Amino acid sequence: MNLKNKKWISVSIVVLASALLCMGAFARGKKEVENRTLSRIVSLSPAGTETLFALGLGDLLVARTDFCNYPPEALSVNSLGGFDGKTFSLESVLAFNPDLVYLDVTMHGHLTDNLQNLGIQVFETNIASLDDIYKEVRELALLFDIKQRAEELITTIQRAYTPMPLADMQTISLDTENEYAKVYWEVWNAPYMSVGSSSFINDVIREAGAINIFSDIAAAYPVVSEESIIARNPSLILLPADSPENWESLSKRTGWQSIDAIQNKKVIKIDGDLISRPGPRIGEAIRAVQEALQ
Amino acid sequence: MAKIEVKNLTAQYEKGKNVLENLSFTVEDGEILCLIGPNGGGKSTLLTLLAGIGMGKIKKTKNSEILINQKKIESYAANKKAREISYLGQTEKLAWHFSVFETVLMGRYAYSSAYLPYSKEDKQIALSVLEDLGIFHLKDRLTNEISGGELQKVRIARSLCQNTDIMLLDEPFSHLDIQHQSKLLSLIKTIAEEKKKTIVISLHDLNLCPLLSKTILLVNKTEAFFGSLEEIFTESYLNKVYKTDFGLFRHPELDIPQVFVKN
Amino acid sequence: MKKPQRANFSFYLAILTLSLIVLLLFFLSLILGSESISLGKIATAFKEKDYSSFVLTIILKIRLPRSILALLSGALLAASGTVFQGYFRNPLADPGLIGVSAGATLGAVIFSSLSLFIPIGAFFGGLMAASFVYLIAGGSKTSTDSSRLLLSGTALGVLFAAITSVLLILKDKEIYKMYLWTQGSFNAKGWNILFMVLFPSLLSFFLMFLTTKKLDLLSFGEKSAETLGLNLQGTKLLCLTSASLASASSVCAGGTIGFIGLIAPHTMRILFGSRHKKLLPLSMLFGSSLVLFSDILARKIAPPMEVPIGIITAFIGVPFFLFLLRRGRQDG
């Protein structure tokens, strides 16, 4: 065969080989967490740490991250470093000889395969809604055979706030009338970032009886247009407690003076640990939002 | 006083290796000097130094002196220098292509304000130079649309626009067909005579030398011989420097010396 | 043979057409946005002159400064690309090539992690990078070799990017913020940014227009340009300073937006030739059009989310550019 054909064939082989390699990597898939006697847990998720303690499994925790700061008992557990996968290594995890690692898929999903290959079980959390929290609590219950404690925890969470009628997810624009209070949660302001329907914070707001002005966006943490914030006219603006912004700095933003929340000085800060951890205290977060709405 | 004076010129690209050594010669006003010698012998380097450019790469020793109009070449500001000396390098890589007219017009840069457009007078001069060189009909063509010979004429036209007393030409005939060579040769002779220009021209083809000038500088790195055509254009000097076996004969019609290779 | 005479007629026509396009896109940028507001509503709002109404607030306070910034940014990018391409005699030169963008990003990250105003960090980071390159590659009085500058710029750019990465690893909270910033966006950019960049931008335009004759001369190569009377040192200073100033200003205004600095001058050069006196304004107008258009798309693709503008310029820019290259080759 001539040179041109040879070239095409070799290219095709390379492409095919790479494709097979990639497929092989993905095909490994998720191994089910087995029902074994688990006694040493490493938690890489602050929310997970709180959940474990709330379920009475705190004794099994052998290591946590620097950010796992609640409950107070957690502080006496060894820490293996920061939150980001780049500040600690697989080795640091292994040094604690766990048989279960609790991690957030979006932050540390890349460690799962490695851990499983070493015979360590991995509990992956990926929470996009309030229901996901309850689902995971129940999964943990199955794993550790603590069904009653799990249901108690769920009830505690639900009792922490006043049940309210829930808003439909809908597009809010300049023209829509809305019987629900409109809330804007500002993650960041350069560029403007808020929460969408696949973030559980969206659920927190909804459960509190209000509606997230960006509930029509599917993404979890979208960059949003400033004019949309203004046009959708939230009556309450929530900021994380560690944000440098406050009502005064927001009121100075060009064009924001016409927003109801600014005019009525309804710019409230909420403890970040409370609201951005999909864990046992989420009920308190919902209550905090309800109080802010008053 | 001489138009160009070179005294004790020693130059090098890197320490220790002299490209030119203790070179001294003068060129009188209105004279044509032919620069010959083997490739790599320093002809281009010398012309570059005479033009006062490439100062960064070539280093001269302290007692080297190049005087133009009795002034040190280093003392000339860029645009003043461009009004005294024009230089045509061997090759030029054109990044973009302008029209022939625009290209030639840029020869007037040294006379024009750096920020204002070229004047009407500048444009007139450019057009008349194009006519003189017989390439007026090419004025709107782009420089990548003309032949090598025509492009060379364009470059010469550009240099002429600089209206300098001194012209330095580095092998202007290489890459040209024979018919273009002879045309260009007579062109340069005419320009030199009519406009009384001082010309230093380096040549690859030895036999063109006697057609052009009566003064020769034969140079090959550290060897240099300066003198009249009769003195230097001889078998002994040429064979010594070129390390070949040349023979010389007298051209029957033109009565000038010509070389041929014996072996 | 395709290349036409570059008659003044076609130049002025092009300027007029491009200006009209820019005006049209500017107008569209005001009436189109994440929130769909009908023309009727806009007209009514202007008639009633209720400046506290949402419509007028959005149009005058959010969209207006943003559109001006987009227009300005496009012109800055295109102009600096023109000057860099002309100075380096390289049609592939881009403001990013000399390390200005990488330096601006580093400056932005440093300022961001210190909770200082990011755009100022970007601006000075860009200028610092340019000065570094100038000092390292071309400090000596006699050295003007542009290829050395280019290589140094590229190398330093890589270094700055590496330092930036290290900083981001140490301060991991900054990562996502900076990731978005490097994609470029006019989100949250208003009058204060505009006032900040206005003076340096106008200054840079003025200086860049002064380079046009010199850039033409440089096309013959540094040696020939010098013999024609060009002061190489002065030219280098003028070209690099003005283009770096423009580049740093544009990064300050909209983050790092790629391709405009490469495509705008290159396209105009293929269509209208390389006389920089004409090329510069043509590129600027074209650059403004591209950025305005991209910003409109950024807001209209998935409202109310905003797509980073750098992604859009890449998607538009690359195929457009490849198309042009093919076309150029067919003629040649």
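Among contacts in chain B between residues at least 6 apart in sequence, what percentage join residues at least 24 apart? The figure is 65%. This is a predicted model, and the tour below starts with chain B, moves to its border with chain C, and ends in chain A.

**Stop 1: chain B**

Select chain B and colour by secondary structure. Look for 9 helices and 13 strands. The radius of gyration of this chain is 19 Å, and the globule rule gives 18 Å for 263 residues, so chain B is as compact as a globular protein of that length. Turn the chain along its principal axes: the C-alpha atoms fill a box of roughly 55 × 45 × 35 Å. Of the 263 residues in chain B, 41% count as buried.

**Stop 2: where chain B meets chain C**

Keep chain B and add chain C. On the chain B side, 27 residues are in contact with 23 residues of chain C. Now select residues 78-84 and 85-88 of chain B, which are helix H2 and strand S7; each supplies at least two residues of the side that touches chain C. Which of the elements of chain B gives the most to this side? H2(B) does, with 3 residues. Colour this side of chain B by residue class, and the split is 16 nonpolar, 7 polar and 4 charged residues.

**Stop 3: chain A**

Hide chains B and C and show chain A. Its secondary structure comes to 13 helices and 10 strands. Along the principal axes, the C-alpha trace of chain A spans about 70 × 65 × 30 Å. Chain A has 294 residues, and buried residues make up 40% of them. As for contacts in chain A with a separation of 6 or more, residues 24 or more positions apart account for 58%.

**Stop 4: Gln290 in chain A**

Select residues 282-293 of chain A. This is helix H13, and Gln290(A) lies in it. Is Gln290(A) buried or exposed? Gln290(A) falls in between: it is partly exposed, because 17 other C-beta atoms lie within 10 Å, while a buried residue needs 20 or more and an exposed one has 12 or fewer.

Next, show what Gln290(A) touches. With neighbours within four places in sequence left aside, Gln290(A) is in contact with Tyr161(A), Thr162(A), Ala208(A) and Gly209(A). To finish, draw a distance between the C-alpha atoms of Gln290(A) and Thr162(A): the separation is 8.1 Å, although these two residues are 128 residues apart along the chain.

Definitions and conventions
Residues are numbered from 1 along each chain as its sequence is written. Chains are lettered from A and ligands numbered from 1 in the order in which they are written. This is a predicted model: local features need pLDDT of at least 70, side-chain atom pairs count only at pLDDT 80 or more; totals for chains, interfaces and linings use all residues. Two residues are in contact if their C-beta atoms, placed from the backbone, lie within 7 Å. Helices (H or I, at least four residues) and strands (E, at least two) are DSSP runs, numbered from the N terminus. Ala, Val, Leu, Ile, Met, Phe, Trp, Tyr, Cys and Pro count as nonpolar, Asp, Glu, Lys and Arg as charged, and the others, Gly among them, as polar. The radius of gyration is taken over C-alpha atoms; the globule rule is 2.2 Å times the number of residues to the power 0.38.
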